[in-house]
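Here are some exercises to work through with the model open beside you. Try each task before you read its solution.

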Amino acid sequence: MTSNPAGSTSARGLEPGTPVLSDDDRRELLERIEPLAAAFAGAGYRFFLVGGLVRDALLGHGLTGDIDITTDAKPDQIAVLAAGWADTVWDQGKRFGTIGARRGSTTVEITTHRAESYDSSSRKPHVRFSDDVATDLSRRDFTVNAMAIELPGWALLDPFDGLTDLAGGVLRTPSPPEGLFADDPLRMLRAARFSAQLSLIATPELVAAVRSSRPRLAIVSRERIEAELTKLLELPRPSAGVRFLDDTGLLGDLLPPWRQAEAAVPAAALDDVADLGDPVALRWAILLGPVCDEAAAARCLSALRCDNATRTKVAATLRAARALETAATRASADDAVWRKTARQLIADHEPELDAAAASLAAWGNELREPFAARLAELRATEGASLRRLPIDGHRVMKLLGTSGPAVGEALEWLRTQQIEHGPLDAEGACRLLTAWNQGRQH
């Protein structure tokens, strides 16, 4: 592993075209935190920007999210210096060396340089404070996240060649990956996310370490795993990360039906649905649909502690996809029969039909154009009306002079009429119901 000399603060030479921290980004950062950086420097402490902010700024993505800072000041000293700058200071993370502070809309977390050790049964670290920023950076997950910018002066500290990896599209760890993944197995899922988010290719050593370290994921809570998978599936193009999970065996560990399936979804299909409905729920449906039924999908998502809303949307999408596939397969040349089938499909599944069609396409069962075009036309002309009745139960009770089960029977009969003949307006529905009720009484 190549590296700069530990503790070096000189800016690295950049290849032509490599993005650098822009003047606008520098100006914005100085406006937000210059007094804080000056306070640390004035007290004789070093002050480094670290984490995703540095990485994303070097990529030209601007300044987003909270600001993470590391320093050689100890927590008590940090709290005093932060109090002179901030509107609010909190110390819930003090035992881990972290003090939080907010000034206006700017939130910072300031952490003492530290080294960590772990028990084999937990991913919670035992923290030791350090005076060495390079030691602090060495404990971070990937080289692209192990860079720092020192203020004042804007010197880039890059002891593990993170900038080279960022420019070259390489995902690598600053220390041997087996140790990092043993300490915190969630980093294996973060590797999948960063490979997709930043278009990075994991080194063979990293991939091999993930494959051998997979059993360690058992010490991570299901909630933390679900949160990391959700971050991956929220990306505009998550396919590279899903392929990473599949290639390393992690996907099969997390979704047992996937491991048992003979064929699964091409991961690239997940990139085509970013703007369609709820992309996370839809991507779960696309992943699970070819390898298990609705009940098994529900068990997988429950085991991962997915929220109820996501589970409900996935189940609805899978039901709609099966119904849509059946309707397309059984499409009749008889127009009246076709319309009845299509209306039933719309009435039962209209909100999920776009997601269902996307799922079928991802599974290689794209709808044939004549059926798809006719269905789209019917949805446009009748879809909204088929999802509801023009009159409610109170109107039925008043019209028929009855209550109880007869009202439900009347409403169900109206639904059948809409499926058979098309949407009704209130006047037409009342007329039909009156005739229907008179016929029942004779």
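## Exercise 1: The cavity and its walls

The largest cavity in this predicted model has a volume of about 60 Å³.

**Task.** Find which residues line the largest cavity, and which helices supply at least two residues of that lining.

**Solution.**

Step 1. Begin with the search itself: across the whole structure, one cavity of 30 Å³ or more turns up.

Step 2. List the walls. The largest cavity is lined by Leu229, Leu232, Leu233, Val242, Leu245, Leu251, Trp284 and Leu287.

Step 3. Assign the walls to helices. At least two lining residues come from each of α9, α10 and α13. The largest share belongs to α9, with three residues.

Step 4. Sort by class. The lining of the largest cavity has eight nonpolar residues, with no polar and no charged ones.

## Exercise 2: How α9 meets its neighbours

**Task.** Work out how α9 is oriented relative to α13 and relative to α10.

**Solution.**

Step 1. Recall what to look for: a pair of packed helices is described by the angle between the axes and the distance between them.

Step 2. Take α9 (residues 222-233) with α13 (residues 279-288). Their axes come within 9 Å and cross at roughly 100°. An angle from 65 to 115 degrees counts as roughly perpendicular, so that is the description for α9 and α13.

Step 3. Look at the side of α9 that faces α13. Here Leu229, Thr230 and Leu233 of α9 meet Val280, Arg283, Trp284 and Leu287 of α13. By class, this contact of α9 with α13 has five nonpolar residues, one polar and one charged.

Step 4. Now take α9 with α10. These axes come within 8 Å and cross at roughly 135°; α9 and α10 are therefore oblique to each other.

Step 5. Read off the contact residues. Leu229, Leu232 and Leu233 in α9 meet Gly241, Val242 and Leu245 in α10. The contact of α9 with α10 divides into five nonpolar residues, one polar and no charged.

Step 6. Link back to Exercise 1. Leu229 and Leu233 take part in the contact with α13 and in the contact with α10, and they also line the largest cavity.

## Exercise 3: The second largest pocket

**Task.** Say which helix gives the most to the lining of the second largest pocket, and how that lining divides by class.

**Solution.**

Step 1. Note the volume: about 290 Å³ for the second largest pocket. Of its 13 lining residues, Ser195, Leu200, Ile201, Ala240 and Phe244 are the closest to the centre.

Step 2. Find the contributors. α7 (186-197), β11 (201-202) and α10 (239-248) each provide at least two lining residues. The most come from α10, with five.

Step 3. Sort by class. The lining of the second largest pocket has seven nonpolar, three polar and three charged residues.

Step 4. Connect the sites. α10 supplies at least two residues to this pocket and at least two to the largest cavity.

## Exercise 4: A sheet and an unusual loop

**Task.** Trace the order of the seven-stranded sheet, then find what joins Leu151 and Pro152.

**Solution.**

Step 1. Write the order: β3-β4-β5-β2-β1-β8-β9, an open sheet with mixed pairing.

Step 2. Check the edges. β3 (88-90) and β9 (155-157) each have a single partner strand, so one side of each has no neighbour in the sheet. From one strand to the next, the twist averages 30°.

Step 3. Add the helix lying across the sheet. α3 (residues 75-83) crosses β2 (67-71), β3, β4 (98-103) and β5 (106-112), and runs at about 155° to β5.

Step 4. Go to β8 (residues 148-151), which pairs with β9 in the antiparallel sense over three bridges. In this pairing, Ala148 stands opposite Leu157.

Step 5. Inspect the loop between β8 and β9, where Pro152 is found. A cis peptide bond joins Leu151 and Pro152, with omega about -10°. Trp154 is in that loop too, and its phi is near 65°, a positive value in a residue other than glycine.

Step 6. Put these values in context: most residues other than glycine have a negative phi, and most peptide bonds are trans.

Methods
Residues numbered from 1 in each chain as written. Predicted model: local features only at pLDDT ≥ 70, side-chain atom pairs only at ≥ 80, totals over all residues. Heavy atoms only, no water. 1 Å grid on protein atoms, 1.4 Å probe; cavity = no way out; pocket = protein on both sides within 12 Å on 5 of 7 lines; lining within 4 Å. Points joined across faces, edges and corners; volume = space filled by probe spheres on them. Helix = DSSP H or I, 4+ residues; strand = E, 2+ residues; numbered from the N terminus. Nonpolar A, V, L, I, M, F, W, Y, C, P; charged D, E, K, R; others polar. Axes fitted to C-alpha atoms, helices over the stretch in contact; angles between N-to-C directions. Parallel < 35°, antiparallel > 145°, perpendicular 65-115°, else oblique. Contact = heavy atoms within 4.5 Å. Pairing = 2+ DSSP bridges.
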